[in-house]
Amino acid sequence: MEKPFSAACERNAGPILGVLKEHITHEHKRLLEIGSGTGQHAVYFAGEFPWMEWHPSDLKVNHAGMIQWFKEAKLQNILPPVKLDVGKDDFPKLKFDVVYTANTFHIMHWKECKSFMKLLGHRLREGSLAMIYGPFNYNGEFTSESNREFDQTLKARDPLSGIRSFEDVNNNMEKNGFELLEDQEMPANNRMLVYRRLKFVKS
């Protein structure tokens, strides 16, 4: 098969890496990427954090393509991709210090987004990071006309997909035990939301 390629991954990799470097330290030993897609982000980022295991994950149908990228890159800290269908599968039974996902929330149904955030709350330990990249609406409004058009395109393909509300995402992350560290403006009307897991409190 031909190696998959995402132009968006090429465009946003540099700005995303800048935010990752602001928050990821040598204390972070293992990262889980949700929705690795082509595998380009894993290849681009894992080499910048050679001390950290990078665990890619996605639907099984995308594994063959990303494996081509991984074989070419020959990075020892990229692990084999894990099958993970949000809303159906659990995270691998490992301790993850960072969970990172890019351009997934507007693809997933809101029910799946909530399942993902609940899983983050169950599986991440105090001090762990959750980093969510993509477009978000604020106060019920699109941040640009291009995002409005993008949302229409998404809903034409799947009425349950679409750009999510920052307030909805933030409320759910807080409910599941996280505090917002940063809401960083990114190129092309995207954002990077960085959360830290708070101390577990028994309800």
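Guide: Before we start, a charge sits over a ring if NZ of Lys or CZ of Arg is within 6 Å of the ring centre and within 35 degrees of the ring normal. Keep in mind that this is a predicted model.

Visitor: OK, so which ring does K3 lie over?

Guide: K3 lies over the face of W69, at 3.9 Å from the ring centre.

Visitor: And R197, whose face does that one lie over?

Guide: That's F178, with R197 at 5.6 Å from the ring centre.

Visitor: Switching to the sheet: what's the strand order?

Guide: The order is 3-2-1-4-5-9-8, seven strands in an open sheet with mixed pairing. Strand 3 (82-83) and strand 8 (178-186) stand at the edges with a single partner strand each, so one side of each has no neighbour in the sheet.

Visitor: How many bridges join strand 8 to strand 9?

Guide: Eight, and the two strands run antiparallel. For example, Q184 has M192 in strand 9 as its bridge partner.

Visitor: What does helix 3 lie across?

Guide: Helix 3 (residues 63-73) lies across strand 2 and strand 3, at about 155° to strand 2.

Visitor: Back to aromatics. How many pairs in the whole structure?

Guide: Eight aromatic pairs turn up. One of them is F45 with W54: the centres are 5.9 Å apart and the planes at 45°, so the pair is tilted.

Visitor: Are F45 and W54 buried or exposed?

Guide: F45 is buried at 0% relative accessible area, and W54 counts as buried at 0% too. Both belong to one aromatic cluster with Y44 and Y100.

Visitor: What about F49 and W51, how do they pair?

Guide: Edge-to-face, 5.7 Å centre to centre with 85° between the planes. F49 is buried at 2%, whereas W51 is partly exposed at 28%.

Terms used
Residues are numbered from 1 along each chain as its sequence is written. This is a predicted model: local features need pLDDT of at least 70, side-chain atom pairs count only at pLDDT 80 or more; totals for chains, interfaces and linings use all residues. Side-chain values use heavy atoms; hydrogens and water are left out. Two strands pair if DSSP finds at least two bridges between them. Helices (H or I, at least four residues) and strands (E, at least two) are DSSP runs, numbered from the N terminus. Contact means heavy atoms within 4.5 Å. Axes are lines fitted to C-alpha atoms, for helices over the stretch in contact, and angles run from 0 to 180 degrees between N-to-C directions. Rings of Phe, Tyr and Trp (its six-membered ring) pair if their centres lie within 6.5 Å; planes under 30 degrees apart count as stacked, over 60 as edge-to-face and the rest as tilted. Buried means under 20% relative accessible area, exposed over 50%, partly exposed in between (1.4 Å probe, protein chains only).
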